[in-house]
Amino acid sequence: MKQLLIASALTLSLMSTGAVAQEGATSVGSPGDPAQVSRTIEITMVDNRFKPSEVKVKQGETVKFVLKNNGEKKHEMMIGTPEEIDEHGKMMKKFPDMEHAHEGNLITVDPGKTGELVWHFTEAGIISFACPLPGHFKGMNFPGMKGTITVEAK
């Protein structure tokens, strides 16, 4: 019964933020087609940061991020606006053991493992990425596992 209540609350929370309907799409792009990848960027996850934490891409580009977790804890990489990442971080704080279904703008990588996230950058500007797990991320305005992607206009 407790699991049903948690699942119901989580579903309502996701629906209110539009996360279910968007299927990983955000105002900063959308999940990319692996057949359209123009380049690969490797990012290492450690227990307090991403290396590199600053990335540059071009508008319209589809990038495959290869994420290697060299830390001792599970980590995530979520691409989105600061508001989207903050909202997800708050939800993770309420439900720290929540397992994610495949979301196009988010990947979970266990310690010692490697994962891939393919993203299509549709808008020029600065895009955020972060690990929204409790204790890894303290909000976009505080220290923690986060970074930026600069998307240069065509």
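Here, a residue counts as buried when its relative accessible area is under 20%, as exposed when it is over 50%, and as partly exposed in between. The legends below all use a predicted model.

**Figure 1. The whole chain, with its three helices and 10 strands.** Start here to get your bearings. Going from the N terminus, the elements follow one another as α-α-β-β-β-β-β-β-α-β-β-β-β. Of the 154 residues, 41% are buried. Look at contacts with a separation of 6 or more, and you'll find that 75% of them come from residues 24 or more positions apart. About 8,600 Å² of the protein is exposed, and carbon and sulfur atoms supply 53% of that.

**Figure 2. Where the predictor is sure, and where it isn't.** Mean pLDDT for the protein is 80, with 75% of the residues at 70 or more. How does that play out among the elements? Strand β5 has the highest mean pLDDT, at 98, while helix α2 (residues 19–22) has the lowest, at 36. Take the start of the chain with a pinch of salt: across residues 1–23, pLDDT stays under 50. For that stretch, the model has 15 contacts beyond four places in sequence.

**Figure 3. A five-strand open sheet, ordered β4-β10-β9-β6-β7.** The pairing in this sheet is mixed. Which strands sit at the edges? They are β4 (54–58) and β7 (106–109), each pairing on one side only. From one strand to the next, the twist averages 20°. Inside the sheet, β9 (residues 125–130) pairs with β6 (residues 75–80) in the antiparallel sense, over three bridges. Look for M78, which stands opposite A130 in β9. The pairing of β9 with β10 (residues 146–152) is antiparallel too, this time over six bridges. There, G125 has V151 in β10 as its bridge partner. As you follow any one strand, a general point helps: in a regular strand, side chains alternate between the two faces of the sheet.

**Figure 4. Helix α3 lying across the sheet strands β6, β7 and β9.** This helix covers residues 82–94. Relative to β6, helix α3 runs at about 145°.

**Figure 5. V57, a buried residue in strand β4.** Zoom in on β4 and you'll find V57 there. How accessible is V57? Its relative accessibility is just 1%, so V57 counts as buried, the cut-off being 20%. Leaving out residues up to four places away in sequence, V57 touches R39, I41, V63, F121, I149, T150, V151 and E152. One of these, I149, is 92 residues away along the chain, yet the C-alpha atoms of V57 and I149 are separated by 7.1 Å.

**Figure 6. The salt bridge between R39 and E61.** By the rule used here, the model has three salt bridges. The general idea is simple: side chains of opposite charge can pair when their charged atoms come close. In this first view, the closest N and O atoms of R39 and E61 are 2.7 Å apart. Why does this pair tie together separate parts of the chain? R39 belongs to strand β2 (residues 39–46) and E61 to the loop between β4 and β5 (62–69), so the parts it joins are 22 residues apart in sequence. Buried or partly exposed? With a relative accessible area of 31%, R39 is partly exposed, whereas E61 has 13% relative accessibility, under the 20% limit, and so counts as buried.

**Figure 7. E152 and K58, a salt bridge between strands β10 and β4.** The closest N and O atoms of E152 and K58 are 3.4 Å apart. The pair links distant parts of the chain, with E152 in strand β10 and K58 in strand β4, 94 residues apart. E152 has a relative accessible area of 33%, so this residue is partly exposed.

**Figure 8. K64 and E116 meeting in a salt bridge.** The N-to-O distance here is 3.9 Å. K64 is in strand β5 and E116 in strand β8 (residues 114–120), so this salt bridge ties together parts 52 residues apart in sequence. K64 is partly exposed, with a relative accessible area of 24%. E116 is partly exposed as well, at 48%.

**Figure 9. A cis peptide bond between K51 and P52.** Omega for this bond is about -5°. Where should you look for P52? You'll find P52 in the loop between β3 (49–51) and β4.

Key:
Residues numbered from 1 in each chain as written. Heavy atoms only, no water. Pairing = 2+ DSSP bridges. Helix = DSSP H or I, 4+ residues; strand = E, 2+ residues; numbered from the N terminus. Axes fitted to C-alpha atoms, helices over the stretch in contact; angles between N-to-C directions. Contact = heavy atoms within 4.5 Å. Salt bridge = Lys/Arg side-chain N within 4 Å of Asp/Glu carboxyl O. Buried < 20%, exposed > 50% of the residue type's maximum accessible area, 1.4 Å probe, protein only. pLDDT = per-residue confidence, 0-100. Areas by Shrake-Rupley, 256 points an atom, 1.4 Å probe, with all protein chains shown as cover.
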